[in-house]
Amino acid sequence: MIRLRINGIPRTVQPGVTVAAAVLAAGHTLLRRSVTGQPRSALCGMGICFECRLRVDGVAHVRSCQTLCREGMEVSTE
C-alpha cells in the first residue's frame with residue numbers, strides 16, 4: 001500500500017493508482033476551480049484536457065490523471 005495525504009488527510013492506495021483516481025475515491029469531486037471560479041474535475045483521463053490539474057508536493061498544475069501515486073505524496077485540491 002502507498003501512503004499519501006490528500007488535503008492534509010492521510011490516505012492509502014494500491015500501487016499503480018493515479019492521483020486523480022485517489023482523489024476521486026477519497027470523495028473529492030472538485031479538483032480545482034477555473035480562473036472564473038467554475039468547478040473543474042477530471043474529464044478526459046488522458047492528460048489532454050488539463051482539467052485534472054492539482055498541486056502535488058508543492059508543484060502547481062500537475063496533471064493528476066497522468067501521475068501515479070508515490071509514498072509520502074502531498075496532494076492539494078485547494
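This is a short tour of the salt bridges in this predicted model, with a stop at one hairpin along the way.

**Before you start**

Side chains of opposite charge can pair when their charged atoms come close. The structure you have open holds five salt bridges, and we will visit several of them.

**Stop 1: R3 and E71**

Select E71 and R3 and show their side chains. The two form a salt bridge, with 3.0 Å between the closest N and O atoms. Now colour the chain by secondary structure. R3 sits in strand β1 (residues 2-6), while E71 belongs to the loop between β6 (59-63) and β7 (74-76), so the contact ties together parts that lie 68 residues apart in sequence. Switch on a surface if you like: R3 is exposed, at 53% relative accessible area, and E71 counts as partly exposed, at 45%.

**Stop 2: R32 and E51**

Next, select R32 and E51. Here too is a salt bridge, its closest N and O atoms 3.4 Å apart. The pair links distant parts of the chain, 19 residues apart: R32 is in strand β3 (residues 32-33), and E51 is in the loop between β4 (39-40) and β5 (53-56).

Are these two residues buried or exposed? R32 has a relative accessible area of 15%, which makes it buried. E51 is buried as well, at 18%; the cut-off for buried is under 20%.

Keep both on screen and add R40 to the selection. R32, R40 and E51 are linked in a network of salt bridges.

**Stop 3: D57 and R70**

Move on to D57 and R70. Their side chains meet in a salt bridge, with an N to O distance of 2.7 Å. This pair also links distant parts of the chain: D57 lies in the loop between β5 and β6, R70 in the loop between β6 and β7, and 13 residues separate them. Both count as partly exposed, D57 at 38% relative accessibility and R70 at 42%.

**Stop 4: the hairpin around D57**

Stay with D57 and turn to the backbone. What is there to see in its phi angle? D57 takes a positive phi near 50 degrees, in the hairpin of β5 and β6, which has two residues between the strands.

Now select the two strands themselves. β5 and β6 run antiparallel and are joined by three bridges. To find your way from one strand to the other, pick L54 and look across to V62, its bridge partner in β6.

Notes:
Residues are numbered from 1 along each chain as its sequence is written. This is a predicted model: local features need pLDDT of at least 70, side-chain atom pairs count only at pLDDT 80 or more; totals for chains, interfaces and linings use all residues. Side-chain values use heavy atoms; hydrogens and water are left out. A salt bridge is a side-chain nitrogen of Lys or Arg within 4 Å of a carboxyl oxygen of Asp or Glu. Helices (H or I, at least four residues) and strands (E, at least two) are DSSP runs, numbered from the N terminus. Buried means under 20% relative accessible area, exposed over 50%, partly exposed in between (1.4 Å probe, protein chains only). Two strands pair if DSSP finds at least two bridges between them.
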